[in-house]
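Colleague: I would like to go through the salt bridges and the main pocket of this model. Please begin with the term needed for burial.

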Amino acid sequence: MNGLHPKIRNLLLHRFLYATCKCYHLEYQLLFLFLLYMRFDVAHPINSVRDVVYWSIFSLYTWSCLLVLMLTAVAYGMLLCHMHQRMPICHSTWQVFRTQELPLKFCLLTVLINLSYCNSCTYVSYLSKMDVNLDESLTSHYLVVSGVFCGLFHFLVEHCLRDCEIWPLPVVRQPETPFQKYWLKWPNIRLGLQKSVIPMLLLAVFYWPSWQLLGQVCWQLLGQACCLSILITAKLNDVKSIYGTLMLRKLPLTLRTETQHQELELPLIVALSTTSLHGFQLQVAKDFFDDMANTLNDECRHLFKLYELEHRHTNNWDIVRDLLLGRIKYFMDQLENCLAINKDPTVVKKPAKDHSKMRPLKRSPPKPKRFFSCRRQDLSNHPVCQPRTAIPESSLCLNNQLCRLDFIRQNKLLKWTSQKYLEHELSCGLSFIWLIQGLVCICMRSLKEDKHGILQADLGQIFQLLLDMERLLCSAEKFQEVPSVNLAQLLQATSRSINKLIFYFKPYLECIIEDEKLLKELQRRK
């Protein structure tokens, strides 16, 4: 966070604090539901509800306990944000995975178990304070174990995989609303019930032999454990959903420069200058494409605007063009480096020299299969020559086969590692799926909004760059042995963008494109 632009740092910090406040309000609701289930008396409903409201809202003990619970929720939210914003890691070897991934997974598991344990202990502590008639030792032990087991099961389901996605980008943006409290609804409870069924059943089967001695008390204990498991599972899902929803809210992007934009707006140049936050880059690219594809958005007019007094166009389009095309060229350079490394050096043969003017050399005589060595029996006798046994042909064949297998294994390992690096670069370039389409949307809107022809001079460069990127992605697709989802998405977005540009600028290609080779290639794709 220290190396970020102040606008980006303040925006992310504000959203994180906003999500933390909503999670704090969620804690009160979960505690109220648990105490209501434990303390509700059908004979005296009003008194029981009054006691629950007092203990869950107007108690200093509750405030201090929920403050501790919020620290665990904040730690979970910070880990989620870190995993969402970090750059993709190339797990080329097990050592890289062990040093880069396992410590983070261990921290996440520790935080989840600690969060579940603190929630269970806090809820159980209210049983003695509210005079609930149950065996405190047995109840507290089983409820704490059930809560911790829910946290462990949540980690196994949500975060145990190697390349699990934390927060997927929203397809449809919801309208922004002012600050509101987060209210727990029935779909959240139902989701917690569905995800807590398996851990509850597994724990019940494990404790079933000891429950047979309790009689009817075990069913009451099982009901309380079910209530606690549902609430803890719902909390873990809701905390993840709250932080994800608020961190992925639509960004206030603008195409104007830093000196022209308003205080609450985030310039695209500043947003794309941060290359250390992978999740933020994906969000910027997605919002940029949504704004450019929305015809009601008037940000494009700032690109093609003239100064009122000097009658010359602003530098907004030049800055955005250099930024987008520079990012695309850098990504293409990285792909070219990966493809250059991926070429198998053993396949490349040295060119044979021309020896046509030289006479052929005489072949050397074959080596004898058996040869003799001398050893002395004693000093008086002459050396006795005895034949030494030749190496069997089967041993030579086995040695050659082992060398050949080792050579093939090293080549396959080298190729597998190089494909991992290529897939890593494709994962880092997922933001170009939306950046390229957003650039194409600007070109399409220039037909109606660019009245001074500011963008026209750069169309040839844009066409050439997109065609080069398409060829590069096709070369990467031929190299990949296993189909890549990231490569397919990038190639599809690039091809669709080129076809869309050709469709809209088809009547003007001969006037816009000066390179004849490029013009023929574009006309061939019509």
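Modeller: Buried means under 20% relative accessible area, exposed over 50%, and partly exposed in between. Note that this is a predicted model.

Colleague: Is Asp 290 buried, exposed or partly exposed?

Modeller: The relative accessible area of Asp 290 is 22%. The buried class ends under 20% and the exposed class starts over 50%. Asp 290 is therefore partly exposed.

Colleague: Which side chain does Asp 290 meet in a salt bridge?

Modeller: The contact lies within helix α10, where the two residues are four apart, so about one helical turn separates Lys 286 and Asp 290. Lys 286 has 9% relative accessibility and counts as buried. The N to O distance is 3.1 Å, and the partner of Asp 290 is Lys 286.

Colleague: How many residues apart in sequence are the parts that Arg 525 and Glu 470 tie together?

Modeller: The side chains of Arg 525 and Glu 470 meet in a salt bridge of 2.7 Å, N to O. Arg 525 is in the segment after α17 (516-524) and Glu 470 is in helix α14, so the parts they tie together are apart in sequence by 55 residues.

Colleague: What is the volume of the largest pocket?

Modeller: Its lining divides into 17 nonpolar, eight polar and nine charged residues. Helices supplying at least two lining residues each include α3 (60-85) and α10 (278-293). The volume of the largest pocket is about 1,000 Å³.

Note on methods:
Residues are numbered from 1 along each chain as its sequence is written. This is a predicted model: local features need pLDDT of at least 70, side-chain atom pairs count only at pLDDT 80 or more; totals for chains, interfaces and linings use all residues. Side-chain values use heavy atoms; hydrogens and water are left out. On a 1 Å grid over the protein atoms alone, a cavity is a set of points where a 1.4 Å probe fits but cannot get out, and a pocket is an open set with protein on both sides within 12 Å along at least five of seven lines; lining residues have an atom within 4 Å of a point. Grid points are joined across faces, edges and corners, and a volume is the space filled by probe spheres set on the points. Ala, Val, Leu, Ile, Met, Phe, Trp, Tyr, Cys and Pro count as nonpolar, Asp, Glu, Lys and Arg as charged, and the others, Gly among them, as polar. A salt bridge is a side-chain nitrogen of Lys or Arg within 4 Å of a carboxyl oxygen of Asp or Glu. Buried means under 20% relative accessible area, exposed over 50%, partly exposed in between (1.4 Å probe, protein chains only).
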